[in-house]
Amino acid sequence: MVNRAASRRRIDLRWVGLLPFAVFAGLFLILPTLYIVVGAFRTPQGGFTFQNILDLNTPSIRSAYWVSIKVSFLSALFGCLIGFGMAAAITVGGLPKRIREPLLTFSGVASNFAGVPLAFAFIATIGPAGLITLWLRQDFGINLRAYGWNLLSTPGLIVTYLFFQIPLMVLIITPALDGLRREWREAASILGASAWQYWRMVGLPILFPSLLGTMALLFANAFGAVATAIALTGPSLNIAPILLFAQIRGDVLGSPNLGYALALGMIVITGLANALYIWLRTRSERWLK
Amino acid sequence: MMRVWAWGALLFGCMYFALPLIGMTEFSLSMRRGEYSFDAYRVVLADPRFQATFAYSVVMALVTIAFGVLLVVPTAYWVRLKLPKARPWVEFITLLPLVIPAIVVVFGYIRLYNTSSVLPLTGSVMGTNLLLMFGYATLALPYMYRSVDTGLRTIDVATLTEAAQSLGAGWVTILGRVILPNVLASVLSGAFLTFAIVIGEFTMAALLDRPAFGPYMQILGANRAYEPAALAVIAFGITWACMGLIGLVNRFSRHTQAKR
Amino acid sequence: MGFLDLDRLEKSFNETRVVRDFSLSVEKGEFVSFLGPSGCGKTTTLRMIAGFETPTSGAIRIGGQDVVNVKPNRRNIGMVFQSYALFPNLTVAQNVAFGLKVSGAPRDRIAARVDEMLAMIGLPDLGGRYPFQLSGGQQQRVALARALAPAPQVLLLDEPLSALDAQIRVSLRSEIRAIQQKLGITTIYVTHDQEEALSMSDRIVVMHKGIADQVGTPSEIYNSPATRFVASFIGTLNQVDAVVEDPANGTVEVGGQRLVLGRALGRARGARVALAVRPQALRIGAPGPGEVGLSARVVETQFLGAVQRIVVDLGGAPLSLDAFNRAGAHLPQTGSQVTLSAAAEDVLVLVD
């Protein structure tokens with residue numbers, strides 16, 4: 001009896017050590033999020049409702065989500081393809097080993113170079129008066145604008161996002177490429193497979209969960225990006241994070257609870273993308289253990 | 001054949017990275033018509049609002065780092081030592097800020113801690129500063145925690161603790177004089193990354209209406225032509241310096257460990 | 001000329017000559033082991049045969065055709081790797097089918113061949129499993145089946161058993177040998193384990209510092225090692241320095257005693273040689289007909305279960321001999337002087 005009481009008290013004491021962290025996470029991470037989630041299902045009077053979710057179905061909000069998803073998806077897709085190409089080049093492409101470390105270091109910098117300054121860099125480069133824009137116009141007589149190029153648009157947003165998406169992909173996929181063992185390639189080769197057959201039947205299938213998972217991560221990464229978009233296009237572009245930004249600042253939707261629903265939609269989308277990432281990761285780790 | 005593709009992919013990527021950096025640098029030097037000059041930098045650096053917001057963000061970053069270290073190191077240590085069962089949960093929570101967009105978190109802050117709530121943090125300037133700092137701490141949490149936890153993995157936490165206890169050390173001494181020095185490289189890595197994130201952060205500062213460097217850059221970008229490019233170069237330099245310091249710290253700690 | 005010919009192979013990495021002047025002719029259906037310590041060049045030689053390394057000079061011929069410039073995927077060779085190297089994303093059956101599939105074989109033939117191979121390795125029901133669901137021994141059997149499925153001309157095995165537990169290693173050893181003999185496939189087997197090489201091979205190549213020290217059948221290698229290295233690497237062997245006194249009738253001087261081996265030595269008078277004798281070839285007692293005898297002092301006796309090992313001192317060099325541990329057999333006292341005998345033909349004269 002005494003023993004059990006003592007052991008119970010010891011267990012209690014151990015958990016006390018987590019109290020500061022639990023209080024912090026509860027107050028500044030979980031509670032605020034829950035407040036939004038619960039608010040999305042409440043009427044202004046406090047009752048339960050699905051109306052806010054249903055009200056998201058307006059042309060303007062629908063389009064905001066759709067453009068956001070499109071930008072995030074395309075920037076994730078191209079980020080994956082180009083990043084994979086670069087990571088493959090420095091791992092299995094037979095390039096000099098000296099290139100590897102500098103590229104990885106640079107990727108660490110570039111993947112963290114997001115937000116407002118990134119937008120400035122692109123405005124200075126391919127904006128209306130940017131370096132490349134002027135150079136093409138003055139030296140080659142090519143007017144980008146005449147070809148429909150506009151940095152302050154969805155394609156412009158994608159091109160800008162790629163600056164942090166590609167290095168992020170390089171950072172995440174390089175270890176996965178390193179995980180491809182030399183023996184697999186040799187075994188395939190000695191069994192008569194060409195390089196292409198090896199990649200199609202062994203290399204890419206092994207990498208596939210990592211590739212798709214990383215793409216989900218890049219998607220979530222782009223979806224939540226606010227600062228770059230605002231600095232690049234101002235409040236004009238109708239994408240979900242900018243709409244939410246405007247809603248928080250000035251209740252442009254005319255209903256606070258609809259704002260919660262808008263935020264909930266964003267959590268759901270990034271949450272799904274991350275769940276996909278985690279699921280695919282465990283799958284690929286099971287193979288390679 | 002393979003190598004040609006490899007060089008192609010690499011060169012394409014490098015062009016992609018190099019052009020915007022060249023573009024912003026060139027632009028930042030072109031304020032004076034017809035020649036390169038540092039005018040844009042001079043104007044920016046002399047702007048009192050630049051000085052004020054930059055100082056504000058630096059202070060915020062330092063406070064966030066201090067808070068983050070005080071929160072994360074004991075927690076990660078405690079979880080490793082006493083509560084391995086709680087590890088998946090703690091890890092899950094530390095990764096949540098990567099899943100929940102910052103804008104949603106700050107949205108929750110504004111509604112939860114407004115002037116009519118139980119904890120009216122947004123009611124005063126100091127309270128809002130504090131709230132912003134907590135917000136930054138959540139943003140940095142995934143990086144800080146992972147960095148420290150990786151550092152703890154390389155040392156034998158249990159043995160070090162028992163050794164210190166047998167010599168009569170209390171918890172504060174153990175954490176401050178035994179554990180912290182041993183994971184200093186990891187803590188510093190997390191700290192520099194936190195600095196890089198906080199210094200130019202825009203969303204939270206703008207929505208909480210604090211005079212930070214991020215919103216200042218955005219306002220300047222909407223009104224000026226050359227100064228934003230100069231700011232971008234400065235911001236890139238800061239990011240680069242932070243990453244460089246992380247690399248330096250890691251290399252240094254590897255050397256000292258190898259010597260041991 | 002054999003089925004697989006290695007002709008004066010050389011391989012250098014930068015300044016290091018990893019394989020030197022390596023010539024070997026392997027008959028069709030023969031099982032040849034490359035035996036040696038790590039870094040002796042055996043794996044490099046194997047990888048040159050597979051085509052993963054290009055020889056610096058020399059030729060590799062399979063069935064009379066020089067394959068040095070043929071890519072690995074055109075050589076029709078099967079290979080089993082130390083780490084199994086099964087494709088983790090494919091099932092056992094898909095792994096075994098891989099070689100046939102890339103060569104474009106019809107589906108029903110592939111299926112039949114996969115069944116045949118899985119039956120051969122004794123895992124007919126595991127076709128649907130993934131490699132991570134198999135034990136190490138099962139994985140290595142699947143790797144063998146995968147290598148054999150396309151019916152290669154030559155099978156290469158690179159330390160295939162070294163990652164496995166001792167018990168599985170022994171059983172898989174005889175299994176591999178049985179399959180090899182049944183298929184009659186020309187096989188090169190790389191190992192650092194002398195027991196493996198001795199028990200499985202038709203012939204063994206003992207390699208040392210990039211050179212083939214000796215090529216011979218297991219009994220030749222064991223009973224008459226040609227060099228000091230081979231002698232010391234294979235089994236336990238006593239070595240003592242000696243000086244040739246009369247090469248014609250094989251008289252040598254060892255630790256102040258004279259030994260007449262009764263055979264021509266082919267060395268000059270006064271040449272320094274090493275005499276070698278296996279512990280189990282020595283016995284205590286006066287020499288009989290055809291035997292030679294030496295006097296030595298007992299240093300210590302070791303009890304090894306079935307065997308008693310007696311260490312004696314012969315002119316400063318330690319010598320051990322094994323005696324069966326029979327009831328009633330009495331061991332000599334430490335420090336006592338004994339006479340050792342061995343058949344003259346069991347005393348080997350080694351070159352460096």
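**Two interfaces, a helix face and a loop aspartate**

Trainee: In this predicted model, the contact between chain C and chain A takes 25 residues from chain C and 22 residues from chain A. Which residues in chain C lose the most area to chain A?

Mentor: The size of an interface is often given as the accessible area lost when the parts come together. Here the area buried between chain C and chain A is about 2200 Å², and carbon and sulfur atoms give 67% of that area. On the side of chain C, 27% of what is buried comes from three residues taken together, and these are C:Pro88, C:Asn89 and C:Phe132.

Trainee: Which side chains meet in a salt bridge between chain C and chain A?

Mentor: The count between these two chains is one salt bridge, alongside seven residue pairs in polar contact, with both residues at pLDDT 80 or more. In that salt bridge the separation is 2.6 Å from N to O, and the side chains that meet are those of C:Arg47 and A:Glu186.

Trainee: Which element gives the largest share of the side of chain C that touches chain A?

Mentor: The elements that give two or more residues to this side are helix H1 (42-50), strand E6 (77-80), helix H2 (92-102) and helix H4 (136-148) of chain C. The largest share amounts to four residues, and it comes from H2(C).

Trainee: How many nonpolar residues does the side of chain C that touches chain A have, by class?

Mentor: Sorted by class, this side of chain C holds four polar and four charged residues. The remaining class named is the nonpolar one, for which the count is 17.

Trainee: Turning to the other interface, what is the area buried between chain B and chain A?

Mentor: The contact takes 69 residues from chain B and 72 residues from chain A. Carbon and sulfur atoms give 84% of the buried area, whose total is about 6400 Å².

Trainee: Which element gives the most to the side of chain B that touches chain A?

Mentor: Across this interface the rule finds zero salt bridges, while seven residue pairs are in polar contact, both residues of each being at pLDDT 80 or more. Among the elements of chain B that give two or more residues to this side are H1, H3, helix H6 (125-153) and helix H12 (227-259). With 19 residues, the element that gives the most is H1(B).

Trainee: Why do the buried residues of H7(A) line one face of the helix, and what is the arc?

Mentor: In helix H7 (residues 131-140) of chain A, the buried residues are A:Ile132, A:Thr133 and A:Leu136. Seen down the axis of H7(A), they lie together in a limited arc, so they line one face of the helix, and that arc is within 110°.

Trainee: Which helices do the buried residues of H7(A) pack against?

Mentor: On the other side of H7(A), A:Gln138 and A:Asp139 are exposed. The buried residues, by contrast, pack against helix H6 (116-126) of chain A together with helix H1 (2-28) of chain B.

Trainee: Is B:Asp47 buried or exposed?

Mentor: B:Asp47 is found in the loop between helix H2 (39-46) and helix H3 (48-81) of chain B, and its side chain reaches the backbone nitrogen of B:Arg49 at 2.9 Å. The relative accessible area of B:Asp47 is 15%, and the cut-off for a buried residue is under 20%, so B:Asp47 is buried.

How values were computed. Residues numbered from 1 in each chain as written. Chains lettered and ligands numbered in written order. Predicted model: local features only at pLDDT ≥ 70, side-chain atom pairs only at ≥ 80, totals over all residues. Heavy atoms only, no water. Buried < 20%, exposed > 50% of the residue type's maximum accessible area, 1.4 Å probe, protein only. Arc of directions from axis to C-beta. Contact = heavy atoms within 4.5 Å. Buried area = accessible area lost by both parts, 1.4 Å probe. Salt bridge = Lys/Arg side-chain N within 4 Å of Asp/Glu carboxyl O. Polar contact = N/O pair within 3.5 Å; in protein donor to acceptor, adjacent residues only side chain to side chain. Nonpolar A, V, L, I, M, F, W, Y, C, P; charged D, E, K, R; others polar.
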